[in-house]
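Here are a few short exercises on rings, charges and pockets. Try each task yourself before you read its solution.

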Amino acid sequence: MEPAIKILIYIHAFFGGIGLITGIGSILVKKGNTLHKKLGKLFSIGMLTSCLISLFICWMPNHQNIFLFLIGLFTIYLVISGNRATAFKHKAEANFADKLISGSTLFFSAIMISIGIYCQLNNIQNGVLFLFFGGFGLYMTIKDFMFFKNVSEMKKKWLFKHIGKMCGALIASVTAFIVAGIGLGNLIAWITPSIFGTIYIIYWNRKITPKTDKMIKA
């Protein structure tokens, strides 16, 4: 069993590496051009494949890890939701799949927060990570449903959603590289990429705001 698990881990790491490289490439090239779109597709394929494999690994003997399983689900949500956000440039309302994706992630985020509270009350090490990422998931999914209810905001906010979710998935990739690839598993290593990534997302949101307003008026 263990040799098979190791093979899965190598495949998981390979596709994770593709996600990391193409994700970094997609933020360096000009947004919206052909190269950006191609790199974005490769990033999505790499991240989704890597995360799906990790979901199986997290339940295998001697590799059980509920935290990494939930983080894998959260990352899948970010990639899928980030890609689906572009559709709101044209469609007028969220469909069942949009709501199911966000609703499922809201549910798992609530589970992460519950586990985090339990860990904090029982002095379990690194339990705060459940609270940190569960809080992020809860915030994002609540914002999703607010977005879904406001039809007038969809054509205005889809680009914000796309950038935020795809950058969030890239943050997950960078975090995985630092924690699993380099071997830094402390609290700072887990949280720092999210802090810097959030700053980057805020920067881009502010940068595109004038352009988005012009697109709506046009």
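**Exercise 1.** How many aromatic pairs does the count come to?

Solution. In this predicted model, the count comes to 17 aromatic pairs. One of them joins F132 and F136, whose ring centres are 5.2 Å apart with 80° between the planes. Pairing needs centres within 6.5 Å, and planes over 60 degrees apart count as edge-to-face. The pair F132 and F136 is therefore edge-to-face.

**Exercise 2.** Find where F132 and F136 lie, and decide whether each is buried, partly exposed or exposed.

Solution. Start with the helix: both residues belong to α5, which covers residues 128-149. They are four residues apart there, about one turn of the helix. Next, take the accessibility. F132 has a relative accessibility of 23%, and F136 has 26%. Buried means under 20% and exposed means over 50%, so values in between count as partly exposed. F132 is thus partly exposed, and F136 is partly exposed as well.

**Exercise 3.** Work out what kind of aromatic pair Y200 and Y203 form, then place the two residues in their helix.

Solution. The centres of the Y200 and Y203 rings are 6.4 Å apart, and the angle between the planes is 40°. Planes under 30 degrees apart would be stacked and those over 60 edge-to-face, so an angle in between counts as tilted. Y200 and Y203 make a tilted pair. Both sit in helix α7 (residues 187-217), and because they are three residues apart, about one helical turn separates them. Y200 is partly exposed at 25%, and Y203 is partly exposed at 46%.

**Exercise 4.** Which residues form one aromatic cluster with F132 and F136, and which charged end sits over the ring of F160?

Solution. The cluster joins F132 and F136 with F67, F130, F133 and W190. For F160, look at K157: its charged end sits over the ring, 4.9 Å from the centre.

**Exercise 5.** Describe the second largest pocket: what is its volume, and what lines it?

Solution. First, the volume is about 790 Å³. Second, 27 residues line this pocket, and K31, G32, H36, L159 and H162 lie nearest its centre. Third, the elements giving two or more residues to the lining are α1 (2-28), α2 (34-57), α6 (151-182) and α7. Of these, α6 gives the most, with seven residues. Finally, sort the lining by class: twelve residues are nonpolar, eight are polar and seven are charged.

Note on methods. Residues numbered from 1 in each chain as written. Predicted model: local features only at pLDDT ≥ 70, side-chain atom pairs only at ≥ 80, totals over all residues. Heavy atoms only, no water. Phe/Tyr/Trp six-rings, centres within 6.5 Å; stacked < 30°, edge-to-face > 60°. Buried < 20%, exposed > 50% of the residue type's maximum accessible area, 1.4 Å probe, protein only. Lys NZ or Arg CZ within 6 Å of the ring centre and 35° of its normal. 1 Å grid on protein atoms, 1.4 Å probe; cavity = no way out; pocket = protein on both sides within 12 Å on 5 of 7 lines; lining within 4 Å. Points joined across faces, edges and corners; volume = space filled by probe spheres on them. Nonpolar A, V, L, I, M, F, W, Y, C, P; charged D, E, K, R; others polar.
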